[in-house]
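Trainee: I have a few minutes before my next gel. Please walk me through this model from the outside in.

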Amino acid sequence: MDPNVTPELRAGTVAFGADDAALLRAIDEHGSVSAAASALERSRARATGRLDDLEAAFGSLVERTRGGTGGGGTELTSEARRLLARFDRLGTTLSGVAAAEECVLEGRVLDRDGELATVATSVGEVRALAPAGADRVQVSLRADAVTLHAPDEAPPAGGTSARNRLAGTVRAVERGESVAHVRVTVEDTDGRTDGTVELVALVTLESVDRLGLAEGTAVVATFKATATRATGMS
């Protein structure tokens, strides 16, 4: 799977991601939470706590047995295996479509901090990885790097690693079998275009429904500087 693709399944406020899938698979392989935690170099308390959170959201995921001739152990439930299968299908879908679309913004480098640069673009300042010495750049933003939030639920800029934040409005939701391409218009602040710039976000259908995404919905798009690439322009 593309390392930039991060599939997750949600139930309420709990997200099931790659680390959770690894925990369930380790339990299945090693036969206990303790052994799974050791294999993953996590503490047993951390693994048990996370498992409790997942079960509260997704239902029973493990069955524990005590004592007996086999010494007891832990096995995955049928619900856990269905959850893993859903997660794998979503990952396969994301891998196939994640790089299909990206937004490209032209801009000027304002300052640098090592490999990271602050770039002035038509939608405001954007932090991105940029080549040394480049002044004029094109900033590429992949659909799978964008996360959408309801405006009143968006994390503060200083409270997340996704420091880039753009407010916009959903123009269209193109639903597939597992994911949707959500097209978001963002105001062009310097008039280089017809007044708006379009971003595309790759979003699971569960998130589309949870956020109530539809034409006209106000959203905040966030994305990490390290997932944003700039290339020099001649």
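Trainee: What share of the exposed area of the protein chain do carbon and sulfur atoms supply?
Mentor: Accessible areas here come from the Shrake-Rupley method with a 1.4 Å probe, and for residues only the protein chains shown count as cover. The protein chain exposes about 12100 Å². Of that area, carbon and sulfur atoms supply 46%.

Trainee: What percentage of the residues in the protein chain is buried?
Mentor: This is a predicted model, in which local features need pLDDT of at least 70 and side-chain atom pairs count only at pLDDT 80 or more, while totals for chains, interfaces and linings use all residues. Residues are numbered from 1 along each chain as its sequence is written, and side-chain values use heavy atoms, with hydrogens and water left out. Buried means under 20% relative accessible area, exposed over 50% and partly exposed in between, with a 1.4 Å probe and protein chains only. Of the 234 residues in the protein chain, the buried ones make up 42%.

Trainee: How many helices and how many strands does the protein chain have?
Mentor: Both are DSSP runs numbered from the N terminus: helices are H or I with at least four residues, strands are E with at least two. By that rule the protein chain has five helices and 14 strands.

Trainee: Let's start with a helix. Which residues of H3 are buried?
Mentor: Helix H3 covers residues 44-58, and its 15 residues reach 21 Å from first C-alpha to last. That is close to the expected 21 Å at 1.5 Å a residue, where the expected span is 1.5 Å times one less than the number of residues. The buried residues are Ala-47, Leu-51, Leu-54, Glu-55 and Phe-58.

Trainee: And why do those buried residues lie on the same side of H3?
Mentor: The arc to look at is that of the directions from the helix axis to the C-beta atoms. Turned away from the buried side, the opposite face of H3 carries the exposed residues Ala-45, Arg-46 and Ala-56. The buried residues are on the same side because they cover an arc of only 100°.

Trainee: Which residue in the loop before H3 has a positive phi although it is not a glycine?
Mentor: Look in the loop between helix H2 (33-39) and H3. The residue there has a phi of about 60° and is exposed, with a relative accessible area of 74%. Your residue is Glu-41.

Trainee: Which residue with a positive phi follows H1?
Mentor: Helix H1, residues 18-30, has buried residues including Leu-23, Leu-24 and Ile-27. The residue after H1 has a phi near 85°. That residue is Gly-31.

Trainee: Now the strands. How many residues of E6 are buried?
Mentor: Both faces of E6 are covered, with Leu-116, Thr-118 and Ala-120 buried on one side and Ala-117, Val-119 and Thr-121 on the other. Strand E6, residues 116-121, is thus largely enclosed by the rest of the structure. The count is six of the six.

Trainee: Which residue stands opposite Val-119 of E6?
Mentor: Two strands pair if DSSP finds at least two bridges between them. Strand E5 (residues 102-113) and E6 pair in the antiparallel sense over six bridges. Opposite Val-119 stands Val-109.

Trainee: On the E7 side, what is the bridge partner of Thr-121?
Mentor: A hairpin joins E6 to E7 through two residues. Six bridges join these antiparallel strands. The partner of Thr-121 in E7 is Gly-124.

Trainee: Which residues does Asp-135 touch, leaving out those up to four places away in sequence?
Mentor: Asp-135 is found in the loop between strand E7 (124-129) and strand E8 (136-142), and it is partly exposed, with a relative accessible area of 43%. Contact means heavy atoms within 4.5 Å. Asp-135 touches Gly-107, Arg-108 and Val-109.

Trainee: Last one: which are the edge strands of the open sheet that contains E13?
Mentor: The sheet has five strands in the order E9-E13-E10-E11-E12, with antiparallel pairing. Three bridges join E9 to E13 (residues 218-223), with Thr-147 partnered by Thr-222. The edge strands, each pairing on one side only, are E9 (147-149) and E12 (196-204).
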